[in-house]
Amino acid sequence: MYESFFGLKRRPFASVPSLEQYFPAASIEAARQSLARCIQRAEGAGIVVGPSGTGKTLLCQSLAEQFRGQFSVVVLASGGLSTRRALFQAILYGLGQPYRGMDEGELRLALADYLVSDKCAAAGMLLLVDEAHTLPLRLLDEIRMLMNLVHGGQVRTRVVLAGGPSLEERFASPRLASFSQRLTSRCYLEALNRSETEAYVRHQVVWSGGDPDRLFPAEARSAVYQATDGVPRLINQVCDHALVLCFAAGRTNVERTAIEEAWADLQQLPTPWNGEARVAKPGTGVIEFGNLDDEPRAAPAQAPTSDHEDLKEPTPAVVSADGTIAATGVAPDEQIERIEAMLGELEEEFHPAGSIKPEVELVFDDPGNPFSERFVEEEVVVDRFAPPAGSPGVSVEVAARQVTGANDTDFESVSGPARAEPDRASCQDREVIDVCQTVPIRRPTSAAAKAGHDELPEIVVEDESEDFQWHQRRPIATVRRHEYRQLFARLRRA
C-alpha cells in the first residue's frame, strides 16, 4: 500500500508475527536459549509466561523452526480444546496421522504407537502448546502423562507451554502438583524498554529496506515508546497506522504528531501512555489527561489555633479518586475495614477469563445408529382376483359362490349369535392374513359335501357395511378350483 511511496521493499510492521522479523530482545532471547537447552537435554517441561503481545507465539515458532530437523514438531496454536479426544486429534493432525472416526482410547493408542515407531523422528516429538492457559486442568495433566512414555531409555515427548500470567497460577493447583514438579524451565517475557523499543523500530525499517533515521526520527521513536510502553504488538499497530496516515497526507517521514494521531485513531488514548513527564509546547495542541504523579498531593498544613491543639489525635484522611485528600471523622480501623469490604465485593464481581473454576466433564455414551439394525422384511400378498379398491363390483359372497361354484343353499350361515372366532393357526397355514378376525363365514352343508365337496372352501368374508354403495357392477370371471389351489401353492412357496 505505502511501500513504494516510502521506498520500502516490504511491509515493515506486520500484524502477524514472522520469523524473518525476529528481534532478539533481552527477555525473548534469554527465554529461547533456556528452553532450547531444556529441550535438547530432556530435562523436563518448560513454560513461557508473558502478557499479551510480548512475543509468545513468535517464540514458539522460533523453537519449532530450530528443532524441526531433530524432532517431530507439533504446534498447538489454537486454544479452546475441551476434551481429551479433541487433544489427541489435534496432536495426530499435527503429526500428519489419521485422526478421524476413532474414539478416545483408539486415538491414545494410535499416538503411543506412532511415538515408538520408525515413522517418528529419532529424538521423539516436540509439543509446543500456545495459549496453554486456556486448557482445562485435565488436559494439562493429560499432556503431563505423554511425557511418561519412554522407549529405548529415551523420553519420547518434550513439552513447552506458553500462555498468559494465569498459566503459572494454574500450576499452583494441587491437581497439577505432579506436573509442576516436572517444570525445569520457567521463562518470563516482558515489554521492551526505551532503548530496545527504538532499536526494534530501526530493525524493522532496515529489514524492509528503508532508512530508519529518515523515516522514524529520534523524536518519533521516543513517542512510540511513550504510546505503547514497549509492547511489540502495539508498536507494530501504531507504527503501521502512522505510516498509513503519513502516506495519505503526502509526508515522507513520520513525526511525533503522527504517532499521537495514530494512537488516538486506535481508540486507546490516554492509556497506556507511560508516566514520563512531557511539557506541552505552546501551539502544539497536546492535551494532558489526568494527573501522572504517583503520589497524592499533600494537604496544606494548617497552623494550630491553640497551644494544646497540636497534641490532639489527627483526623483521619481519605484519598479520593482525583488525588485529593478529604478529612473524615471515621477512625482508621473502621476506615480500613470499609476498604477491605469494598475490595472483597470487587473481587467477588471480577472473574477473569483464565480463572480456575471447578471443571465438569460430561461424557455421553454413543447411542448408536438405530437404522443400522436389520429389519424383517414384510411380504405383501396381493389378491389378483379381488376387485380394485373403490371400484364397483359384486359382493364378496357372490364372488365366493362364483369361485367355488356352489349355490346359496349349499352353505349354512354362522353369522349372528352362532358367529365364532376363526382358527388362527389355519389362517397361518393358508397364509391368509387379512381375514384372521372375527368375521361372518359360511360352511358347506352335509348335502354339499355328499355332492363331492370333500374339502372345505376358503374362508369367505362378508362385508356388511351399510355405508358402502356400488355405483357400477363389473362381472368377475369364473375361476376353477384347481387354479385356486395353484394360487395358494405359489404363495406358500414364495
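User: What makes you say that Arg 10 lies over the face of Trp 207?

Analyst: This is a predicted model, and in it Arg 10 is placed at 4.7 Å from the ring centre of Trp 207. For a charge to count as sitting over a ring, CZ of Arg has to be within 6 Å of the ring centre and within 35 degrees of the ring normal. The 4.7 Å fits the distance part, and the pair is listed as lying over the face.

User: How many aromatic pairs does a search of the whole structure find?

Analyst: The search turns up 8 aromatic pairs. Take Phe 5 and Phe 247: their ring centres are 5.3 Å apart, with the planes at 75°.

User: Why is the pair of Phe 5 and Phe 247 called edge-to-face?

Analyst: Check two numbers. Rings pair if their centres lie within 6.5 Å, and planes over 60 degrees apart count as edge-to-face. With 5.3 Å between the centres and 75° between the planes, Phe 5 and Phe 247 pass both tests, so edge-to-face it is.

User: And why do you say the pair of Phe 5 and Phe 247 ties together parts that are apart in sequence?

Analyst: Look at where each one lives. Phe 5 belongs to helix α1 (residues 3-6) and Phe 247 to helix α12, so the pair links parts that are 242 residues apart in sequence. Helix α12 itself covers residues 232-249.

User: Why does Phe 5 count as partly exposed?

Analyst: Its relative accessibility is 33%. Buried means under 20% and exposed means over 50%, with partly exposed in between, so 33% puts Phe 5 in the in-between class. Phe 247, at 30%, gets the label partly exposed as well.

User: Which residues form one aromatic cluster with Phe 5?

Analyst: Tyr 2, Phe 6 and Phe 247 join Phe 5 in that cluster. Phe 5 and Phe 247 also turn up with Met 1 in a nonpolar surface patch of about 310 Å².

User: Why does Tyr 93 count as exposed?

Analyst: Tyr 93 has 58% relative accessibility. The cut-off for exposed is over 50%, so Tyr 93 clears it.

User: What makes Strand β6 mostly covered?

Analyst: Count its residues: in strand β6 (residues 157-163), 7 of 7 are buried. On one side you have Thr 157, Val 159, Leu 161 and Gly 163, and on the other Arg 158, Val 160 and Ala 162, with both faces covered.

User: How do you know that Gly 163 is buried?

Analyst: Its relative accessible area is 0%. Buried means under 20%, so Gly 163 qualifies. Gly 163 sits in strand β6. Here's a fun one: Gly 163 and Thr 57 are 106 residues apart in sequence, while their C-alpha atoms are 9.1 Å apart in space.

User: What makes β1 largely enclosed by the rest of the structure?

Analyst: The label follows from the count: 5 of the 5 residues of β1 are buried, so this strand is largely enclosed. Both faces are covered, with Ala 45, Ile 47 and Val 49 on one side and Gly 46 and Val 48 on the other.

User: How do you know that Strand β1 and β6 pair?

Analyst: Two strands pair if there are at least two bridges between them. Strand β1 (residues 45-49) and β6 have 4 bridges, in the parallel sense, so the rule is met. You can spot Val 48 opposite Ala 162, and Val 49 opposite Gly 163.

User: Which strands run parallel to β6 or β1 over 5 bridges?

Analyst: Strand β3 (residues 125-129) runs parallel to β6, joined by 5 bridges, and Leu 126 stands opposite Arg 158 there. For β1, the partner over 5 bridges is strand β7 (residues 183-188), again in the parallel sense. In that pairing, Val 49 faces Tyr 188.

User: What is the phi of Ala 42, and why mention that it is not a glycine?

Analyst: Ala 42 has a positive phi of about 55° without being a glycine. Most residues other than glycine have a negative phi, so a positive value goes against the usual sign. Ala 42 is in the loop between α2 (26-40) and β1. Asp 229 is also not a glycine, and its phi is positive at about 60°. Asp 229 is found in the loop between α11 (218-228) and α12.

Definitions and conventions: Residues are numbered from 1 along each chain as its sequence is written. This is a predicted model: local features need pLDDT of at least 70, side-chain atom pairs count only at pLDDT 80 or more; totals for chains, interfaces and linings use all residues. Side-chain values use heavy atoms; hydrogens and water are left out. Patches are made of residues with over 30% relative accessible area and no salt bridge: like charges are joined within 9 Å, nonpolar side chains (Val, Leu, Ile, Met, Phe, Trp, Tyr) within 5 Å. Accessible areas come from the Shrake-Rupley method with a 1.4 Å probe; for residues, only the protein chains shown count as cover. A salt bridge is a side-chain nitrogen of Lys or Arg within 4 Å of a carboxyl oxygen of Asp or Glu. Helices (H or I, at least four residues) and strands (E, at least two) are DSSP runs, numbered from the N terminus. Buried means under 20% relative accessible area, exposed over 50%, partly exposed in between (1.4 Å probe, protein chains only). Rings of Phe, Tyr and Trp (its six-membered ring) pair if their centres lie within 6.5 Å; planes under 30 degrees apart count as stacked, over 60 as edge-to-face and the rest as tilted.
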